[in-house]
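Reader: Hey, can you walk me through this one? I'd like to start with how the strands pair up.
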Amino acid sequence: MEDFQNYRHYKTQDFVWDDAFRSWVLESKPEDTLYWTQFMVQFPDKEAEINLAKDIILRMTVDESVLSETQIHDITERVMQKTRSSAPRQKNAFRAHWKTSARIGMATLAFSVAIILLIHSMQTRKHTTSQLAESTFTTKTNTSGHPMEIILADQSKIILENESRIRYPQDFAGNDFREIHLSGNAFFDVSKDASRPFLVYSNGIVTKVLGTSFRIHAPKSDDERSIVEVVSGVVAVYPIGNNKPQEVITKNRVGEVILTRNQKAEYSKTRNNLVTILVDDPIPADTTLATQQFVNHPILDILDTLKSDYGIDIIHDDHQFVNRTLTADLSGLTLYQKLDVICQALNASYEVIDGKIIIL
Amino acid sequence: MDLWTQFITGDRKAFKELMETHVGPLFKYGIKFCREEELVRDTIQDLFIRLWERREHLSTEANAKAYLFASLRRMLFRKIQKQPDTVPYDNLEDAVNFFSMEISVEQRFISDERLRFVEQQMKMKIAALPTRQKEVVYLKFFMDMNREQISNIMQISPQTVSNLLQNALKKLRTDLRLILMNPIFFYRKR
């Protein structure tokens, strides 16, 4: 799954007709979303092609006449009436034909049945385990006045803030997800386990992750906003609204927001919407530049470095800034202060929209 | 116990649910072979009546969806071929009009002129695929069937399914590539 090599050279037309890609776009299983998000993080130049391919797949339909609900109902009722008292009868023609086809597909039929049974037993298992897990949940409420550290069965670490409550299973074995319920504020450092996504349910949203660290602020009142802040890695956040939580992450993923480092999502329960913004003070990874003191340094180069240091997309018009240089000392400044200095030099301004910085 | 197995044991409720689930998709599929809606509806009705009568002889192991599609296809062919002026399906392998399908990109909500452009072009290209390739593409991508189910429905070997699919996709990818080479795609819109 982690091997991105096959897809590196894919173009829009290849994505549109690729099985794995299509199944992500149409079914969006959590593990696929993680996979493709990580792919885009690693190959940002593919993002435009992927988005176009997604648009095409989602809007692709077959022009066809369909039966209305009433027509389906009519057919069903008529068949029910005509078969009301009829005992099973022999009719050889019907059988003989299916026999031929059965012979052709004998081996293969056995195969598809095996798959169905597997899925079926998985569903049954999921059902029983969630009932079972119900009885082995631990609930911790922190009223100690200071943060409390909790280590889960998978070695994930949670710092639970004061006046906050968390509920988690004592053991994740046998579950398809690692499911945690939070009310209040907490910081998560999640152990990597690709086969078992980590889900945090909190006041109207669900945050999904494979292994990363992030912070959740889940207010007890619906009027306040919930916040998910990413410290490292990639997480996906979904508003639950009136849907069933499991369906939100596996099927419709309406309103899905993907967050990377230094981004946060704010959720308003009353409006059931999520907004991506930047964290208040973005933290750079180790910078790739030797110095923050620039003398006649190309501004495009500095912007590129900021992008990769902070993991934040900075959108600007290359042509406009191509020959512009900067002479300034940016050391010790926050991201926003750096942007102020750059924009002053360019006689431009910047805005933060949708978790991205746009220089105008 | 799944719906199919429940139906075989004589459960009327399961039988009804089986119909409610499959009648819609069966009609969509059937209408690709024959433009007479009434004939397709009648055939689906006959199919389920016989299914109920024959239930004791059906295998619980069978894949319900593939079985129903295969039966409808067979029954429909028999009816169509009784009509004058029809040619057997197998002789039509490379004809383009028998399995009539047009894929389009939904008009609703499209403000993006690029997608409108893709829509117009794709319609033409898909319509031009050979009959059997179109049927495989339809079953796989729009009816969510796997290779084994398609092989059962179309009465061809799994390997033939793969070959048909591969040839169709090769053509569809090339077509889409040519469509996307239009200058309309070279400036990026947000």
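Author: Sure. One term to begin with: two strands count as paired if DSSP finds at least two bridges between them. And keep in mind that this is a predicted model.

Reader: OK, so which residue does P298(A) stand opposite?
Author: P298(A) faces T325(A), which is in β17(A). Strand β15(A) is joined to β17 (residues 325-329) by four bridges, and the two run antiparallel.

Reader: Does β15(A) lie largely in the open or not, and why?
Author: In the open, largely, because zero of the six residues of β15 (residues 293-298) of chain A are buried.

Reader: Switching to chain B. Which residues of α3(B) are buried?
Author: Among them are V40(B), I44(B), L47(B), F48(B) and L51(B). General rule: residues three or four places apart on an α-helix point the same way, because there are 3.6 residues a turn.

Reader: And what about the length of that helix?
Author: α3 of chain B has 17 residues (37-53), so at 1.5 Å a residue it should span 24 Å; the end C-alpha atoms are 25 Å apart, which agrees.

Reader: Which residues touch the most other members of the largest nonpolar core?
Author: V23(B), L26(B), I44(B), F69(B) and L72(B), out of 63 residues in that core. Leaving out residues up to four places away in sequence, F69(B) touches L26(B), Y29(B) and I153(B). There's also a second, separate core of 34 residues, including I158(A) and Y238(A).

Reader: Where in chain B does pLDDT stay under 50?
Author: Over residues 92-97, and over residues 103-110 as well. Chain B averages 80, with 77% of the residues scoring at least 70. Where pLDDT is low, don't read the predicted coordinates in detail.

Note on methods
Residues numbered from 1 in each chain as written. Chains lettered and ligands numbered in written order. Predicted model: local features only at pLDDT ≥ 70, side-chain atom pairs only at ≥ 80, totals over all residues. pLDDT = per-residue confidence, 0-100. Contact = placed C-beta atoms within 7 Å. Buried ≥ 20, exposed ≤ 12 C-beta atoms within 10 Å, placed from the backbone. Expected span 1.5 Å × (residues − 1). Core = buried A, V, L, I, M, F, W, Y, C linked by C-beta atoms within 7 Å.
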